[in-house]
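I opened a notebook page for this structure and wanted to record, entry by entry, what I looked up. My plan was to begin with a single residue and to work outwards from there.

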Amino acid sequence: MEGFRLREPANFLAAETAEGFIGRSGYDGEIGPESWGQQVFPRFIKGSGFETAPSSLSMWADLESLTAFSYSGVHADALKHGRKWQVERRWPALVLWWTDSRPNWSDGVERFERLHDHGTGPDSFNFKDPYGPDGKRISIDRARVRELAALNAERHKDLMAHVLVQKS
């Protein structure tokens, strides 16, 4: 996991400057954004060896913005190397939901456990089976994702060069 942790500052900076980013929780006792409540972890992670695994809680304007950030640039580079850093997971990689107020870590864990236990639904879903704010299944607009990824790439070209230099 150390390889992922070393990329966290670049990932956080890329997120914070990406199109559609609204905000993210910080962590108690660390310099940076305010923590959105006490950080907690899903029940099925306890005892798995992932108690200190990286986790994040963030808000985005829409699914396309989050998809563009997640699957391009420095975050995509981290995902590409993730197989080297992680053991097999038996839980979802992430949970998504619509909200009009800032969530806290407990909100995220509750929805993460719901997704794990019951699968996708309007209040806890993933990129493969997304729902809209109205609770109906939707498709992610891939053309818009490509546009946003290109915009972010332009914003982050110096950041990506820094990450590539660190890997050398």
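**Entry 1, a glycine in a strand.** I looked up Gly23 and noted that it counts as buried, because its relative accessibility is 14% and buried means under 20%. I should say at once that this is a predicted model, so I treat each value as computed from a prediction. Gly23 belongs to strand 1, which covers residues 21-24. I then asked which residues Gly23 is in contact with, leaving aside its neighbours within four places in sequence. I found Trp36, Ser58 and Met59. For Met59 I also noted the spacing: 36 residues separate it from Gly23 in sequence, while their C-alpha atoms are 5.3 Å apart in space.

**Entry 2, the nonpolar cores.** I looked next for the largest nonpolar core and found that it has 18 residues, with Trp60, Leu66, Phe69 and Leu96 making the most contacts inside it. At least two residues of this core come from each of helix 1 (2-16), helix 2 (63-70) and helix 5 (142-167). Helix 2 gives the most, with four residues. I followed up Leu96 and, not counting residues up to four places away in sequence, saw that it touches Leu63, Leu66, Asp123, Ser124, Phe125, Asn126 and Phe127. Apart from this core lies another, of 13 residues, and I wrote down Tyr27, Trp36, Ile45 and Trp91 as being among them.

**Entry 3, helix 4.** I checked the length of helix 4 (residues 105-118), which has 14 residues and reaches 20 Å from its first C-alpha to its last, close to the 20 Å expected at 1.5 Å a residue. Which residues of helix 4 are buried? I listed Trp105, Gly108, Val109, Phe112, Glu113 and Leu115. They lie on the same side of helix 4, because they cover an arc of only 160 degrees around the axis. I added a reminder that an α-helix has 3.6 residues a turn, so residues three or four places apart point the same way. At the N-terminal end of helix 4, Asn104 acts as a cap, with a side-chain oxygen 2.9 Å from the backbone nitrogen of Ser106. After helix 4 comes Gly119, and I recorded that its phi is positive, near 85 degrees.

**Entry 4, salt bridges.** I reminded myself that side chains of opposite charge can pair when their charged atoms come close. The structure holds ten salt bridges, and I looked up some of them.

- Glu19 and Arg155 meet through their side chains at 2.7 Å, N to O. Glu19 is in the loop between helix 1 and strand 1 and Arg155 is in helix 5, so that the pair links distant parts of the chain, 136 residues apart. Glu19 is partly exposed, at 30% relative accessible area, and Arg155 is also partly exposed, at 45%.
- Asp62 and Arg144 form a salt bridge at 3.0 Å, N to O. Asp62 lies in the loop between strand 2 (58-60) and helix 2, and Arg144 lies in helix 5, so the pair ties together parts that are 82 residues apart in sequence. Asp62 counts as buried, at 17% relative accessibility, whereas Arg144 is partly exposed, at 29%.
- Asp129 pairs with Arg137, their closest N and O atoms being 2.8 Å apart. Arg137 counts as exposed, at 56% relative accessibility.
- Arg43, Glu113 and Asp117 are linked in a network of salt bridges, and Glu113 is one of the buried residues of helix 4.

How values were computed: Residues numbered from 1 in each chain as written. Predicted model: local features only at pLDDT ≥ 70, side-chain atom pairs only at ≥ 80, totals over all residues. Heavy atoms only, no water. Core = buried A, V, L, I, M, F, W, Y, C linked by side-chain atoms within 4.5 Å. Buried < 20%, exposed > 50% of the residue type's maximum accessible area, 1.4 Å probe, protein only. Contact = heavy atoms within 4.5 Å. Expected span 1.5 Å × (residues − 1). Arc of directions from axis to C-beta. Polar contact = N/O pair within 3.5 Å; in protein donor to acceptor, adjacent residues only side chain to side chain.
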